[in-house]
Every structure is written in C-alpha cells, then in structure tokens.
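The following paragraphs lead through one protein chain, from its charged pairs to its interior. The sequence and the model are shown first.

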Amino acid sequence: MDGCLEASLSPLSIPEYVLGCSGRRMPLLGFGTAASPPVGSQLTKTAILQAIELGYRHFDTASLYRTEQPLGEAILEAIAVGLIKSRDELFITSKLWCSDAHGELVLPALQRSLKNLRLEYLDLYLIHWPVSSKPGIYEFPIKQEDFLAMDFKAVWKAMEDCQRLGLTKSIGVSNFSCKKLGDILAFAKIPPAVNQVELNPLWQQKKLREFCKANGILLTAYAPLGAQGTIWGSNRVLECELLKEIAKQKGKTVAQICLRWAYEQGISILVKSFNKDRMKSNLEIFNWSLSQEDVKKINDIPQSRLCSGQDYISKYGPFNTTQELWDGEI
C-alpha cells in the first residue's frame, strides 16, 4: 500500500499520513528531542509533557541524543496523570547509531532503545546516517579512523527483521541521498517508509522530494527553521527578508510560514522548542494557507545546505568529501 495523506484531521487537528507497508498513522507535525548542546533529562522530560498537553503526539528521538530515557519517563507520567490513555496514542521514532549499523548489532540496538524508552515497540526506526563506525564506541564526533563503509544489505535486512518481529512498526532512513535510497530500494523487501533530512525554504531538496514521491517514501524535515541555537545551525532561515515580508503580510511568525510551506509541499515536519509559547505557535499552522504567489516566491529562494555532514567525512573513507556523502546533492 502506498502512503497517503488523510483528508480528515485527528481530534487534535494535526493531519496524519498513512505510511506504506505498515499502515501506521503518522502525525505530520512532530516534536524533536535533539538538543545541541545537550540539556538535562529533567528539562527534556518537562518539555515533552508540556508538548503532550498542547497536543503533540509524534516524538522523535535517537540513541545519540540521550533523550530516550526522559521521553520514556514522560510517556509513563503522561499516562499516569491522564494526558493520554495509552502509549498507542503516540507515534515514537528512534534511530540506529553508526556504531550499531552492522547487521548483527541492529536488533540489540533497537532492544536497548526500547528498554531506555520502556516501550514494547517503536512506530518508526531509522538508520541515522548512511555510514557505519567501529562497534562498541558511542561518541560524537566519531574519530576519522573509526568510520567504516556500511554493509547496506546486511543492515537493511536486519531492519526488516525488526519490523517483522513487531519491535518497530515501520523502518526508514535519515540523511540518505537519491542514490543511496536507490541502492536500498534495489534489494529491499520492505522499502523505507521515511527519509528524514534537513529541509527548509533555504534548502528545499527538490530533487530528493521528487525521488521520494515517485517511490512512495515520506520525507521528514529536520531543521525546518534552520536549527538556530544549535552548534551547527544558523539564524539565516528565520532572518530571511523574503520570509519576514510574507510573515508580516499574513500576520504570522516566520517560523509559521516555514512550517506551513513544508506542510503544503507534502512533507512531515519535526519542530524542536522547549519554550511553551513557541511550541503552541508551531502547532497553529493548519487552519490557513499560503497564496500561490507566496509559494512561488519561496520556491525561488537561492538554495544552500546548512548541515554539510562534515562530521561524517574522513580521509580514511568511506566518504572523503561532502560530495561523496551527498552524491553531489549539495
């Protein structure tokens, strides 16, 4: 079954997308838990509880972020205080780190994530980056000499096994180019449901969007506002003069313009703010629309990638340059 947008809205008015292969309903606006630099577990847990209270139901974590545990604690507390009736009301995504991206280590890594989250299953499990590293070493940045070429066939087969076992309802990838997605699709018995990548009005990924649409893969945007405040992010999206002009005309924030634009392109979005007012504002994008003229102006913005992936480049390989990492999509 190909994925499709649901015409009806959930009770909390966040539209959902039915993922191919699994039929899972994924809220198209999710709450990201990555913080760079990291914040404390208690702050993360409090923010997640506030997000659940406001209506967020899709939460994105990863073993790298060290936010699985506070997310798990927040879910238990949300059930205990009656914010939700059960875990089944939520859509939880986590990711396989590079040092676990080896065929025989995928299942144990997922089981560790489930233990941290205190869950019986994930809704979505993603390969975090298209590269492996020396097993047993959990650090970021990864030492250049520790990178290894990923055995895509072995790792993807293990991901498929995790879905067949019911430990994750869907599987996908993150930071994959058209070429690398094509490599997976060439042998996959269960195709990737999602590709999570940097995507915003200043890096629109038009080629990748077309490829994913043609192959029934949902694109999910991280850094939809440019990841301002993170080590690698920038304020260039929120400070873009054109976006500020459109926001002023519409009586919206620049953030809302960016999120609405992505939603109208058929992209799912991850937002990350631990500020309650901004969390609420980020949800208020579904009862209005951009004009065709606005969309055309946004689509004509000059493009450049923000997340270069430089941390995954090594003189020892497998990727010696960012050109190789992104297969020229830069």
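At 42% relative accessibility, Lys143 counts as partly exposed, in a model that is predicted. Its salt-bridge partner is Glu139, with N and O 3.1 Å apart. Glu139 has a relative accessibility of 24% and therefore also counts as partly exposed, since the buried class ends at 20%.

A second pair involves Lys134 and Asp146, whose closest N and O atoms lie 3.3 Å apart. The two residues are 12 positions apart, and each belongs to the loop between strand E8 (132-133) and strand E9 (147-148). Here the partners fall into separate classes of accessibility: Lys134, at 39%, is partly exposed, whereas Asp146, at 6%, is buried.

The salt bridge between Lys250 and Asp294, with 3.6 Å between the closest N and O atoms, leads to another part of the chain. Lys250 lies in helix H7 and Asp294 in helix H10, so far as sequence is concerned 44 residues apart. Lys250 is partly exposed, with a relative accessibility of 31%, while Asp294 is buried, with a relative accessible area of 6%. Elsewhere, Lys157, Glu160, Asp161 and Arg164 are joined into one network by salt bridges that share partners. In total, the model contains 23 salt bridges.

Asp294 also serves as an entry to helix H10, which spans residues 292-299 and in which Asp294, Val295 and Ile298 are buried. Why do the buried residues line one face of the helix? Viewed down the axis of H10, they fall within an arc of 95°, and therefore they line one face. The general geometry is that an α-helix has 3.6 residues a turn, so residues three or four places apart point the same way. Gln292, Glu293 and Lys296, on the other side of H10, are exposed. The cover over the buried residues of H10 includes helix H7 (241-250) and helix H8 (254-264).

Helix H8 leads on to the interior. The largest nonpolar core has 77 residues, and those touching the most other members are Tyr56, Phe59, Ile92, Leu96, Ile127, Met159 and Leu243. H8 supplies the largest share of this core, with 7 residues. A second, separate core comprises 14 residues, among them Phe147, Tyr222, Phe319 and Trp326. The surroundings of Ile127 can be followed in detail: apart from neighbours within four places in sequence, Ile127 is in contact with Leu96, Met150, Val155, Trp156, Met159, Gly172, Val173, Ser174 and Phe176.

Towards the start of the chain, strand E2 (residues 15-18) is covered on both faces. Pro15 and Tyr17 are buried on one side, and Glu16 and Val18 are buried on the other. E2 pairs with strand E3 (residues 25-27) in the antiparallel sense over 3 bridges, and Tyr17 has Met26 of E3 as its bridge partner. The two strands form a hairpin with 6 residues between them, and in the turn Cys21 has a positive phi of about 75°.

A final point concerns the confidence of the prediction. The average pLDDT of the chain is 92, and 94% of the residues score at least 70. Over residues 5-11, however, the pLDDT is below 50, and this stretch has 8 contacts in the model beyond near neighbours in sequence.

Definitions and conventions:
Residues numbered from 1 in each chain as written. Predicted model: local features only at pLDDT ≥ 70, side-chain atom pairs only at ≥ 80, totals over all residues. Heavy atoms only, no water. Buried < 20%, exposed > 50% of the residue type's maximum accessible area, 1.4 Å probe, protein only. Helix = DSSP H or I, 4+ residues; strand = E, 2+ residues; numbered from the N terminus. Arc of directions from axis to C-beta. Contact = heavy atoms within 4.5 Å. Pairing = 2+ DSSP bridges. Core = buried A, V, L, I, M, F, W, Y, C linked by side-chain atoms within 4.5 Å. pLDDT = per-residue confidence, 0-100. Salt bridge = Lys/Arg side-chain N within 4 Å of Asp/Glu carboxyl O.
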